[in-house]
Amino acid sequence: MALLEVKDLKMHYQTQQGAVKAIDGLSFELPVQGTLGIAGESGCGKSSLGLSILRLLPKNGRFVDGSIKFDGQNLLDMSEPEFRDQIRWKRISMVFQGAMNALNPVIRVGDQIAESIIHTEGKSAKEAYERTTELLEMVGISPHRAKEYPHEFSGGMKQRAVIAMALACRPDLVIADEPTTALDTLVRAQVMQTLIELREKFSLSMILISHDLPIIAKTCDQVMIMYAGKIMETGDTVSVFTKPLHPYTQGLITAVPHIRAEQTEIKAIPGHPPDLLNPPSGCVFHPRCPIADKECEKLEPTLRSFGKQMVACHKLTSESAAEVV
């Protein structure tokens with residue numbers, strides 16, 4: 001049985017202009033100790049999906065349809081007190097995007113990590129602080145710095161502290177939302193290596209949300225490409241990145257510079273992501289797709305299996321998929 005099973009999930013943000021369809025019919029599974037990378041342009045629904053799983057949506061967020069099952073239990077059927085006491089941070093935690101915003105600037109870093117242990121597990125302050133120093137040491141921060149404030153930490157140290165906070169209650173699933181945002185290349189590599197080592201140490205399942213395709217390729221077993229709240233392509237990481245089948249996936253990979261490849265002009269995907277208040281009819285990618293036709297404008301494609309990948313594209317056939325190199 002899958003640890004996490006999302007089925008036909010629809011989540012909208014209610015605004016004065018109408019409903020923003022941030023997640024529009026998403027279905028996927030994550031096995032125990034599995035790692036799933038979610039990629040796509042800004043505004044495609046990646047972070048909204050992570051917040052939906054943890055039920056941390058803003059007040060205007062509404063679940064319209066579907067289910068989120070964790071260990072066989074539908075999380076959307078639980079009351080807020082039940083979810084807070086049984087799931088949030090105890091079994092599912094999150095490394096939030098931007099450590100500067102995730103940490104309270106007027107509370108010591110160690111106290112912020114210990115707080116989640118005290119409130120979630122009912123530990124004493126002494127027990128919680130002992131675990132906090134252990135966690136900081138695991139992520140490469142000297143335990144004596146637990147008494148310092150966030151402004152005394154570097155960007156990389158803040159991110160490591162947020163990772164320690166996410167692991168404080170020893171969850172089964174960690175959602176990492178852009179965990180290397182605003183970090184330089186060297187620190188980014190160090191932070192990701194720390195996250196990988198801790199995932200293996202604690203046998204965690206992980207969802208990694210990122211714009212950085214090379215990081216997903218290095219870290220994750222499975223990858224899911226999102227666009228306008230929908231899945232365009234999904235499958236095992238090696239297959240998707242070595243033989244991308246959807247035009248959108250191909251465009252994302254083409255836009256990534258390769259350090260060892262011949263220097264050529266980077267090709268961007270033309271146009272802009274759609275307005276999710278009024279998404280395009282048919283295939284939501286058709287206004288930007290180089291191979292779209294009338295069928296793409298009228299009919300929404302469903303995910304179909306092509307070997308180890310699932311792709312939502314009218315124009316793809318078994319023969320054309322076999323020709324992709």
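User: Which residues does Asp-172 touch, not counting those up to four places away in sequence?
Analyst: In this predicted model, Asp-172 touches Leu-3, Phe-70, Arg-91, Leu-204 and Ser-205.

User: What joins the side chains of Asp-172 and Arg-91?
Analyst: A polar contact of 2.7 Å.

User: Where is Asp-172 found?
Analyst: In the loop between H6 and strand E7. E7 covers 173-177.

User: Is Asp-172 buried, exposed or partly exposed?
Analyst: Partly exposed. Its relative accessible area is 30%. Buried would need under 20% and exposed over 50%, so Asp-172 falls in between.

User: How far apart are Asp-172 and Ile-118?
Analyst: In space, 19 Å, C-alpha to C-alpha. In sequence, they are 54 residues apart.

User: Switching to H6. What does it span, and how many residues has it?
Analyst: Helix H6 takes in residues 155-166, which is 12 residues. It reaches 17 Å from its first C-alpha to its last. That is close to the 16 Å expected at 1.5 Å a residue.

User: How many of the H6 residues are buried?
Analyst: 11 of its 12 residues, so the helix is mostly covered. Among the buried ones are Gly-156, Lys-158, Arg-160, Val-162 and Met-165.

User: What covers the buried residues of H6?
Analyst: The cover includes strand E6 (92-95) and helix H3 (99-102). Helices H4 (109-121), H5 (125-138) and H7 (185-202) are also included.

User: Now the core. How many residues are in the largest nonpolar one?
Analyst: It has 91 residues. Those with the most contacts inside it are Leu-4, Leu-49, Ile-92, Leu-173, Ile-207 and Met-224. The largest share of this core comes from H6, with seven residues.

User: What is Ile-92 in contact with, leaving aside neighbours within four places in sequence?
Analyst: Ile-53, Leu-54, Phe-70, Leu-75, Ile-87, Pro-171, Leu-173 and Ile-175. Phe-70 turns up on the list for Asp-172 as well.

User: Which residues does the second core include?
Analyst: Cys-313, Leu-316, Ala-321 and Val-324 are included. This separate core has seven residues.

User: Sheets next. What is the strand order in the open sheet of four?
Analyst: E2-E1-E4-E5, with antiparallel pairing. The edge strands are E2 (18-30) and E5 (73-74), each pairing on one side only.

User: How many bridges join E1 to E2?
Analyst: 10 bridges, and the two strands run antiparallel. E1 covers residues 4-15. The two strands form a hairpin with two residues between them.

User: What stands opposite Glu-5 and Met-11 in E2?
Analyst: Glu-29 stands opposite Glu-5. Ile-23 stands opposite Met-11.

User: And the order in the sheet of eight strands?
Analyst: E6-E7-E8-E3-E9-E10-E12-E11. It is an open sheet with mixed pairing. E6 and E11 (304-306) are the edge strands, each pairing on one side only. The twist averages 20° from one strand to the next.

User: How do E10 and E12 pair?
Analyst: In the antiparallel sense, over three bridges. E10 is residues 230-236 and E12 is residues 309-311. Glu-233 has Val-311 in E12 as its bridge partner.

User: Which helix packs on the sheet, touching E9 and E10?
Analyst: Helix H10, residues 247-254. Its direction makes about 105° with that of E9 (222-227).

Technical notes: Residues numbered from 1 in each chain as written. Predicted model: local features only at pLDDT ≥ 70, side-chain atom pairs only at ≥ 80, totals over all residues. Heavy atoms only, no water. Expected span 1.5 Å × (residues − 1). Buried < 20%, exposed > 50% of the residue type's maximum accessible area, 1.4 Å probe, protein only. Contact = heavy atoms within 4.5 Å. Pairing = 2+ DSSP bridges. Axes fitted to C-alpha atoms, helices over the stretch in contact; angles between N-to-C directions. Core = buried A, V, L, I, M, F, W, Y, C linked by side-chain atoms within 4.5 Å. Polar contact = N/O pair within 3.5 Å; in protein donor to acceptor, adjacent residues only side chain to side chain.
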